[in-house]
Amino acid sequence: MLLDIAQRRRRGLPPTDARLPLHWSAHAGYALPEGWHADAQSLFALFKPLLDRRGDAADWTIGQLGQSLDGCIATHTGDACFVNGPEGLVHLHRLRALCDAVVVGASTACLDNPQLTTRRVPGPNPTRVVLDPRLRVPADAKLFRDGQAPTLLVCHAAHRTQAEARLGADRVVALPAHPSGGAVLALPAVLAALRARGLRTLFIEGGGVTVSQFVQQGLLDRLHLIVAPVLIGAGHPGLRVKRSDAMADALRPPVRTFALGGDVLWDMDLRA
Ligand SMILES: NC(=O)c1ccc[n+]([C@@H]2O[C@H](COP(=O)([O-])OP(=O)(O)OC[C@H]3O[C@@H](n4cnc5c(N)ncnc54)[C@H](OP(=O)(O)O)[C@@H]3O)[C@@H](O)[C@H]2O)c1
């Protein structure tokens with residue numbers, strides 16, 4: 001049912017029809033009818049903010065990180081298989097299936113050589129996007145070679161010719177350097193380029209550097225932080241936000257929690 005809703009949005013169909021056992025209203029979005037099992041209601045409640053995106057509100061960006069109790073998303077060697085339990089992995093694949101594109105940073109693409117597909121759930125693979133300003137990710141990475149879903153490489157304009165020779169012009173998004181200089185890509189320009197390609201609901205999957213930049217620049221609508229009962233010790237850090245001098249200045253976004261097997265998902269509303 002979740003996927004039906006996402007497909008209707010993608011195809012520009014009305015929010016619901018006689019086959020879909022859901023209510024829809026423009027002001028309250030989707031609602032489950034009475035009588036559904038508590039587990040189904042909880043799952044629906046978790047994804048409702050994403051499912052309700054339609055029309056002008058379809059441009060929406062969600063991030064996720066799976067982290068240990070001590071705030072690491074991988075060991076110091078980059079091993080992240082697996083921080084979360086199987087329920088967390090299903091959740092990750094479900095987010096991929098519900099969004100138009102999944103975005104990862106160059107370090108995740110290099111260290112994990114991920115596929116970023118939806119093989120644990122039914123539903124289409126999203127377009128895969130790698131933020132690789134300096135072309136660090138090897139040309140034979142699975143993302144570029146396995147043909148399972150479209151893949152876009154986002155790089156600095158200075159590397160456009162090399163990137164296009166490697167992947168073809170239609171798979172390269174080359175952007176000018178950020179005004180602050182250095183290797184940083186202007187993330188609003190990245191989002192605009194993806195949306196110009198019809199990729200409206202975006203899933204920022206990691207790693208910590210990439211998700212943190214989206215949070216710091218105020219570009220995430222929602223963040224799912226899945227905390228696993230494990231201590232990794234001095235690994236790759238997860239979320240890093242602007243430093244607060246006083247507790248009164250610390251960010252306290254509205255949160256909801258959901259049990260995911262032995263892990264706890266913190267759903268943060270970063271637009272509130
Ligand atoms: N547990 C989880 O949920 C999870 C999820 C994903 C990944 N991981 C793990 O996380 C580790 C990697 O994460 P990480 O935090 O070290 O790095 P990362 O976020 O995967 O990649 C960071 C790199 O991506 C590029 N990048 C990202 N945003 C950019 C921007 N705005 N402008 C320009 N370049 C940008 C930069 O590449 P350059 O350095 O080339 O400039 C940057 O150094 C891996 O071990 C992976 O297994 C864990």
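Biologist: Which helices and strands each supply at least two residues of the shell around the ligand?

Modeller: S3, S4, H4, S9 and H8 do. Helices (H or I, at least four residues) and strands (E, at least two) are DSSP runs, numbered from the N terminus. H4 gives the most, with five residues. This is a predicted model, where local features need pLDDT of at least 70 and side-chain atom pairs pLDDT 80 or more, while totals for chains, interfaces and linings use all residues. Residues are numbered from 1 along each chain, and side-chain values use heavy atoms, without hydrogens and water.

Biologist: How many residues surround the ligand?

Modeller: A residue is near a molecule if one of its heavy atoms lies within 4 Å of it. Here 29 residues surround the ligand, and the closest are Thr108, Asp112, Leu185, Thr210 and Gln213.

Biologist: Which atom of the ligand lies 2.7 Å from a backbone N or O atom of Leu185?

Modeller: A polar contact with the ligand is a pair of N or O atoms within 3.5 Å. For Leu185, the partner is a nitrogen atom of the ligand. An N or O atom in the side chain of Thr210 is 2.7 Å from a ligand oxygen atom. For Gly78, a backbone N or O atom lies 3.0 Å from an oxygen atom of the ligand.

Biologist: How much of the ligand's accessible area does the protein cover?

Modeller: Accessible areas come from the Shrake-Rupley method with a 1.4 Å probe. The ligand has 920 Å² on its own, and the protein covers 91% of that.

Notes:
Polar contact = N/O pair within 3.5 Å; in protein donor to acceptor, adjacent residues only side chain to side chain.
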